[in-house]
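Let's take a walk through this structure together. Have the sequence and the 3D view side by side, and follow along.

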Amino acid sequence: MAIGMMLAVFGGMLVCIQNTFNANVKRRVGAWATTTLVLGLGFLASLVAGLISDGTALFAVTGMETWYWFSGIIGVGVVMSVTQSVERLGPSYAISIVMVSQILFALLWDTLGLFGLEAIPFTWKTVVGIVLIVGGVLLFQLSGKEKVLNERVRRVG
């Protein structure tokens, strides 16, 4: 469990770094070029790492639902929307919204048992946790930053 938690923290750090970099790239080359660059280089890096790690077994992709193959297409939406939100809102505000959105949708998927997940009961503890998370993000983001945010939106949008 500890390794999983460390990997999640590391992944969160990488997401923030990547989206900050992506927003800077987008300022110079545009949204579609940024998305192509990000996903193209990601494809090459994962192909090389996968071949080194798994060899030709990398291509043994049987026994899964067909629609799961399309998650890379979903990645286009992720890169496009998050990159542009980071550029318009700044990294901490945009990633905070992304984080809350991820938690709420993950809760929905878990509660309903969607996408092959085992259904997890929705309890009062879940509600308290969500309220605390959302409240914490709101407190963190909206405490005196409205003027800065409005200026960023006016400058970019």
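A good place to begin is helix H1, which gives the most to the lining of the largest pocket, with six residues. Keep in mind as you look around that this is a predicted model.

So what is this pocket like? About 400 Å³ of space lies in it. It has 16 lining residues, and Val15, Asn19, Ile95, Val98 and Gln102 are the closest to its centre. H1 has company here: the elements that give two or more residues to the lining are H1, H3 and H4. As for the chemistry of the wall of the largest pocket, nine of its residues are nonpolar, seven are polar and none is charged.

Now look for the largest nonpolar core. Its seven residues are Ala23, Val82, Val86, Leu89, Tyr93, Ala94 and Ile95. Helix H3 (71-89) and helix H4 (91-112) each supply at least two of them. In general, nonpolar side chains tend to be buried together in soluble globular proteins. Ile95 is worth a second look, as it belongs to this core and is also among the residues closest to the centre of the largest pocket.

Next comes helix H2, which covers residues 31-54. How far apart should the ends of H2 be? At 1.5 Å a residue, its 24 residues should span 34 Å, and the end C-alpha atoms are 33 Å apart, so the two values agree. Along H2, the buried residues are Ala31, Thr34, Thr35, Val38 and Gly50. Residues three or four places apart in an α-helix point the same way, because each turn takes 3.6 residues. What covers the buried residues of H2? Helix H1 (2-29) and H3 are included in that cover. Just past the end of H2 you'll meet Gly55, with a positive phi of about 65°.

There's another pocket to visit, the second largest, with about 300 Å³ of space. Its lining is made up of Phe43, Ser46, Leu47, Leu58, Phe59, Val61, Met64, Tyr68 and Trp69. Eight of these lining residues are nonpolar, one is polar and none is charged.

One last stop is the loop between H4 and helix H5 (124-142), where you'll find Phe115. Which sign does the phi of Phe115 have, positive or negative? It is positive, near 60°, in a residue other than glycine. For most residues other than glycine, phi is negative.

Conventions
Residues numbered from 1 in each chain as written. Predicted model: local features only at pLDDT ≥ 70, side-chain atom pairs only at ≥ 80, totals over all residues. Heavy atoms only, no water. Core = buried A, V, L, I, M, F, W, Y, C linked by side-chain atoms within 4.5 Å. Buried < 20%, exposed > 50% of the residue type's maximum accessible area, 1.4 Å probe, protein only. Helix = DSSP H or I, 4+ residues; strand = E, 2+ residues; numbered from the N terminus. Expected span 1.5 Å × (residues − 1). Contact = heavy atoms within 4.5 Å. 1 Å grid on protein atoms, 1.4 Å probe; cavity = no way out; pocket = protein on both sides within 12 Å on 5 of 7 lines; lining within 4 Å. Points joined across faces, edges and corners; volume = space filled by probe spheres on them. Nonpolar A, V, L, I, M, F, W, Y, C, P; charged D, E, K, R; others polar.
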